Amino acid sequence: MIDETTMVGMIRAVMPDAQIMIVDRNGTMDHFNVSVASKAFEGKSLMDRHRMVEGALKAARNDGRIHALEIKTAILE
Amino acid sequence: MSDALKTIIEKEVADNTILVYGKGTKDAPRCGFTAETIQFFNSFGYPFEVVDVLEDMNKRTALAEMTDWPTLPKVFINGKFYGDTDILQPMAENGELKTVLEEAFAGKGVTPTIQLR
């Protein structure tokens, strides 16, 4: 289990400009839909953008706090 | 990562035009995302294979290293890695995936069992 504030902090540590929307899919605080908008995505392929978000949340993935993520990304205008 | 494991994975990828590494089997997926991916490809009508790696941590680690992609399922089409449905769904919506699949199956004598959307 992980709270949204912690996740936002982890993502902003890598992408400080990130605008983030998180939905707790099941109310169990371990399955999330995460939408991230950042200028850092400019020129990156969809797969690389996902790698960036997964990379930011890696610690919580590895210790099991996050079980599942559905990721959406956008370039921040 | 052992070379033997890498060889097995490369052969599986080469042998199946659409290959999904997931948790559970086609008939009994054991993860919501794997089930979603199976449903996704069912809707295209092309043959695809699912390899269950739920219990095989060595293979999961090898796959993650080879693709630089930490999660399951992992989808390969015509030998190329496409991530998961987070990537494939937008590709389906903009028509890119239809082209990828048509090219992947061109000359293989396979026609989709249903009309592509």
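**Exercise 1. Describe the side of chain A that touches chain B.**

Solution. Two residues count as in contact if their C-beta atoms, placed from the backbone, lie within 7 Å. By this criterion, nine residues of chain A are in contact with eight residues of chain B. The next step is to assign the chain A residues to elements, where helices (H or I, at least four residues) and strands (E, at least two) are DSSP runs numbered from the N terminus. On the side of chain A that touches chain B, α2 (46-56) and β3 of chain A each supply at least two residues. The largest share, five residues, comes from α2(A). Finally, the residues of this side are sorted by character: four are nonpolar, one is polar and four are charged. Here Ala, Val, Leu, Ile, Met, Phe, Trp, Tyr, Cys and Pro count as nonpolar, Asp, Glu, Lys and Arg as charged, and the others, Gly among them, as polar.

The model is predicted: local features need pLDDT of at least 70 and side-chain atom pairs count only at pLDDT 80 or more, while totals for chains, interfaces and linings use all residues. Residues are numbered from 1 along each chain as its sequence is written, and chains are lettered from A and ligands numbered from 1 in the order in which they are written.

**Exercise 2. Determine the strand order of the sheet in chain A and the pairing of β1(A) with β2(A).**

Solution. Strands pair if DSSP finds at least two bridges between them. Three strands of chain A form an open sheet in the order β1-β2-β3, with mixed pairing. The edge strands, each paired on one side only, are β1 (19-24) and β3 (68-75) of chain A. Six bridges join β1(A) to β2 (residues 31-38) of chain A, and these two strands run antiparallel. Within this pair, Q19(A) stands opposite A37(A), and I20(A) stands opposite V36(A). The connection is a hairpin with six residues between β1(A) and β2(A), and G27(A) in the turn has a positive phi of about 75 degrees.

**Exercise 3. Characterise the fold composition and dimensions of chain B.**

Solution. Chain B comprises five helices and four strands, which run α-β-α-β-α-β-β-α-α from the N terminus on. Its C-alpha trace spans about 40 × 30 × 25 Å along the principal axes. The radius of gyration, taken over C-alpha atoms, is compared with the globule rule of 2.2 Å times the number of residues to the power 0.38. For 117 residues a compact globule would have a value near 13 Å, and the 14 Å of chain B agrees with this.
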